[in-house]
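Colleague: I am new to this structure. Could you walk me through it, one feature at a time?
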Amino acid sequence: VQLQASGGGLVQPGGSLRLSCAASGSIFSINAMGWYRQAPGKQRDLVARITTGGTINYADSVKGRFTISRDNAKNTVYLQMNSLKPEDTAVYYCYLMHDFRDYWGQGTQVTVSS
């Protein structure tokens with residue numbers, strides 16, 4: 001199983017970005033997909049997660065600003081990020097739980113700065 005993330009970049013405060021992550025390989029049992037982020041000197045934390053059953057969890061810091069969605073036919077998860085703040089700056093990692101094993105993408109940098 002491989003994950004390919006895209007969509008990071010530099011954006012001004014208040015701006016928007018959309019991250020995408022596509023899973024490929026021998027996909028037969030996706031349990032959950034989502035996004036984590038890691039800022040310099042900090043631990044990797046959950047941003048948003050969506051299960052196959054449709055349960056969605058968000059970090060409190062992004063509720064109301066970020067939206068996670070999933071295209072089951074494409075095995076792809078998206079993260080729409082609006083009203084971005086400087087504190088959202090981090091490397092964002094795509095996450096997949098497949099057959100109850102964890103997989104991680106390569107990470108994509110999101111920088112929010114004027």
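Modeller: Gladly. Keep in mind that this is a predicted model. Let us begin with strand pairing. Strands of a sheet pair through backbone hydrogen bonds, either parallel or antiparallel. Here, β9 and β11 are joined by 3 bridges and pair in the antiparallel sense. For one of the contacts, look at A90: its bridge partner in β11 is V110.

Colleague: Which strand runs parallel to β11?

Modeller: That is β2, residues 9–11, which shares 3 bridges with β11. G9 has V110 as its bridge partner in β11.

Colleague: Where do the side chains of β11 point?

Modeller: The general idea comes first. In a regular strand the side chains alternate between the two faces of the sheet. β11 shows this alternation. T108, V110 and V112 point to one face and are buried. Q109 and T111 point to the other face and are not buried.

Colleague: In what order do the strands of the open sheet come?

Modeller: The order is β1-β3-β8-β7, 4 strands with antiparallel pairing. β1 and β7 are the edge strands, each pairing on one side only. From one strand to the next, the twist averages 15°.

Colleague: How many bridges join β1 to β3?

Modeller: There are 5, and the two strands run antiparallel. To find the register, take L3: its bridge partner in β3 is A23.

Colleague: Now the interior. Which residues of the largest nonpolar core touch the most other members?

Modeller: In soluble globular proteins, nonpolar side chains tend to be buried together. In this model the largest nonpolar core has 28 residues. W35, V47, F66, V77, L79, M81 and Y92 touch the most other members. Several strands each supply at least two residues of this core, among them β1 (2–6), β3 (17–24), β4 (30–38) and β5 (45–51). Strands β7 (66–71), β8 (76–81), β9 (90–98) and β11 (108–112) each do so too.

Colleague: Take V47. What does V47 touch, leaving out residues up to four places away in sequence?

Modeller: Its contacts include W35, F66, L79 and Y92. V47 also touches Y36, R37, N57, Y58, A59 and V62.

Colleague: How many disulfides does the count give?

Modeller: A disulfide is a covalent bond between the sulfur atoms of two cysteines. The count comes to 1 here. It joins C21 to C94, with 1.9 Å from S to S. C21 sits in strand β3 and C94 in strand β9, 73 residues apart, so the pair links distant parts of the chain. The link of C21 and C94 is left-handed, with -85° about the S-S bond.

Colleague: Are C21 and C94 buried or exposed?

Modeller: C21 is buried, and C94 is buried as well.

Colleague: On to charges. How many salt bridges are there?

Modeller: The count is 3. One of them is formed by R37 with D88, whose closest N and O atoms are 3.0 Å apart. R37 lies in strand β4, and D88 in the loop between β8 and β9, so this pair ties together parts that are 51 residues apart in sequence.

Colleague: What other salt bridge does D88 form?

Modeller: D88 also pairs with R65, the closest N and O atoms being 2.8 Å apart. R65 is in the loop between β6 (56–58) and β7, so its pair with D88 ties together parts 23 residues apart in sequence. R65 counts as buried at 10% relative accessibility. D88 counts as buried at 1%. Through shared partners, the salt bridges join R37, R65 and D88 into one network.

Colleague: Which salt bridge does D60 form?

Modeller: The side chain of D60 meets that of K63, at 3.1 Å from N to O. D60 is exposed, with a relative accessible area of 64%.

Colleague: Last, the backbone. Which residue in the loop between β8 and β9 should I look at?

Modeller: Look at S83 in that loop. Its phi is near 50°, a positive value in a residue other than glycine. S83 is partly exposed, with a relative accessible area of 41%.

Colleague: And where does F100 lie?

Modeller: F100 is in the loop between β9 and β10 (101–104). Its phi is positive, about 65°, although F100 is not a glycine. F100 is exposed, at 64% relative accessible area.

Definitions and conventions:
Residues numbered from 1 in each chain as written. Predicted model: local features only at pLDDT ≥ 70, side-chain atom pairs only at ≥ 80, totals over all residues. Heavy atoms only, no water. Core = buried A, V, L, I, M, F, W, Y, C linked by side-chain atoms within 4.5 Å. Buried < 20%, exposed > 50% of the residue type's maximum accessible area, 1.4 Å probe, protein only. Contact = heavy atoms within 4.5 Å. Disulfide = S-S within 2.5 Å. Pairing = 2+ DSSP bridges. Axes fitted to C-alpha atoms, helices over the stretch in contact; angles between N-to-C directions. Salt bridge = Lys/Arg side-chain N within 4 Å of Asp/Glu carboxyl O.
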